[in-house]
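Please look at the model below and ask what lies behind the labels used to describe it. Each answer sets a computed value against the rule it has to meet.

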Amino acid sequence: VQLQASGGGLVQAGGSLRLSCEGFGRTNYAMGWFRQAPGKEREFVAGITWNWGTTVYADSVKGRFTISRDKAKRTVYLQMDKVKAEDTAVYYCAARSGDITTKTTEYYFWGQGTRVTVSS
């Protein structure tokens, strides 16, 4: 499985950005977005089940970020709205069999990161 994350870049605080993760599309799998800021551990941002589209969000992004998937395009998206400086990080997409979890160690497949920088 090869996951291709894209869409990162420079955005002003309060603005929007959409990340994409292509290359997946398996039933009974969950997809997750994670991020890693400089000097910090990788953390869960949002997850979605491929079959039903059930979603889970980290408290820090609830109400601002939206995860979705397009089955036909085998793509998962992360719509980032009202971004803040603390959203600056490298964002990764990942996949695992079964339900969504927030633990990085429980995801088997990872894409390369895409960098998001929020300017204040």
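Q: What makes the contact of E43 with R35 a salt bridge?
A: In this predicted model, the closest N and O atoms of E43 and R35 are 2.7 Å apart, and because the rule asks for a Lys or Arg side-chain nitrogen within 4 Å of an Asp or Glu carboxyl oxygen, the pair counts as a salt bridge. R35 also stands opposite E43 in strand 5, and strand 4 (residues 29-36) is joined to strand 5 by six bridges, the two running antiparallel.

Q: Why is R35 called buried, and why is E43 called partly exposed?
A: R35 has a relative accessible area of 5%, and buried means under 20%, so R35 is buried. E43, at 36%, falls between the limits of 20% and 50%, so E43 is partly exposed.

Q: Why is strand 5 described as largely enclosed by the rest of the structure?
A: Six of the seven residues of strand 5 (residues 43-49) are buried, and therefore the strand is largely enclosed.

Q: How do you know that D87 and R64 form a salt bridge, and are they buried or exposed?
A: Their side chains meet at 2.7 Å, N to O, which satisfies the limit of 4 Å. This pair links distant parts of the chain, with D87 in the loop between strand 8 and strand 9 and R64 in the loop between strand 6 and strand 7, 23 residues apart. D87 has 0% relative accessibility and R64 has a relative accessible area of 8%, and because both values are under 20%, D87 and R64 are buried.

Note on methods. Residues are numbered from 1 along each chain as its sequence is written. This is a predicted model: local features need pLDDT of at least 70, side-chain atom pairs count only at pLDDT 80 or more; totals for chains, interfaces and linings use all residues. Side-chain values use heavy atoms; hydrogens and water are left out. Buried means under 20% relative accessible area, exposed over 50%, partly exposed in between (1.4 Å probe, protein chains only). Helices (H or I, at least four residues) and strands (E, at least two) are DSSP runs, numbered from the N terminus. Two strands pair if DSSP finds at least two bridges between them.
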